[in-house]
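I opened the notebook to log what I looked up in this structure. Entries follow in the order I made them.

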Amino acid sequence: MSELTLTVMRLGFLAVLWLFVIVAVQVIRSDLFGTRVTQRGARRPDARPAPRQAQQRQAQPSRQQSKGRGRSGRGAPTKLVVSEGSLTGTTVALQGQTITLGRAHDSTIVLDDDYASSRHARIFPDRDGQWIVEDLGSTNGTYLDRSRLTTPTPIPPGAPIRIGKTVIELRK
């Protein structure tokens, strides 16, 4: 082999080695510090509809909401409340939309929790107006009243939903 070929191979090997070191440092850094949560205060107002939209929804309830009212009446939950964790006191009005929970920036409730996955769980209404919680294949699991979820499960009002250190409840 010529001296030039050997030098090029050594430099190529050195470049690959440094690339490996840089990627390893980035992975370790992301494990230690987690994902960066930005504009947390700006996410909360988005969870509630604008006053004009709320008036339209009150004037013309959707089929899903009217079914839920017909079946469960006043006992139906109206809000999702974070009762434990870094977001304690956060409230999201239940308007018939799907609520996503996780570390991802586009989640409805962004969890700054080491035990939460980026797409951890979702809460959604079924056709009968009952609310369902579903684990989205998270690593550490989602718990409803101390039992780990394996399938989409109806949520009784007041039952704690635990994701890591965060506890969420449906309330009236």
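How much area does the protein expose, and what share of it do carbon and sulfur atoms supply? I read about 11,600 Å² exposed, with 54% supplied by carbon and sulfur atoms. Accessible areas come from the Shrake-Rupley method with a 1.4 Å probe, and for residues only the protein chains shown count as cover.

Ground rules. I noted that this is a predicted model, where local features need pLDDT of at least 70, side-chain atom pairs count only at pLDDT 80 or more, and totals for chains, interfaces and linings use all residues. Residues are numbered from 1 along each chain as its sequence is written, and side-chain values use heavy atoms, with hydrogens and water left out.

Overview. I found four helices and 11 strands. Both are DSSP runs numbered from the N terminus: helices are H or I with at least four residues, strands E with at least two. Of the 172 residues, 29% are buried (under 20% relative accessible area, with exposed over 50% and partly exposed in between, 1.4 Å probe, protein chains only). I then looked up contacts (heavy atoms within 4.5 Å). Among those between residues at least 6 apart in sequence, 43% join residues at least 24 apart.

Strand S11. I went to residues 166-171 next. Five of the six residues in S11 are buried. Which strands pair with S11? S1 (residues 79-84) runs antiparallel to S11, with five bridges. S10 (residues 161-163) is also antiparallel to S11, joined by three bridges. Pairing requires at least two DSSP bridges between the strands. On the S1 side, Val-81 faces Glu-169. On the S10 side, Ile-163 has Thr-166 as its bridge partner. The hairpin of S10 and S11 has two residues between the strands, and Gly-164 there takes a positive phi near 65 degrees.

Rings. I searched for aromatic pairs and got zero (ring centres of Phe, Tyr and Trp, its six-membered ring, within 6.5 Å; planes under 30 degrees apart are stacked, over 60 edge-to-face, the rest tilted). Arg-122 does lie over the face of Phe-124, at 4.1 Å from the ring centre. The criterion is NZ of Lys or CZ of Arg within 6 Å of the centre and within 35 degrees of the ring normal.

Ser-117. This residue is in the loop between S4 (109-110) and S5 (121-125). Why does Ser-117 count as buried? Because its relative accessibility is 16%. Beyond residues up to four places away in sequence, Ser-117 touches Gly-102, Arg-103, Ser-138 and Thr-139. The side chain of Ser-117 reaches the backbone nitrogen of Thr-139 at 3.3 Å.

Notes
A polar contact is a pair of N or O atoms within 3.5 Å; within protein, one must be able to donate a hydrogen and the other to accept it, and residues adjacent in sequence count only if both atoms are side-chain atoms.
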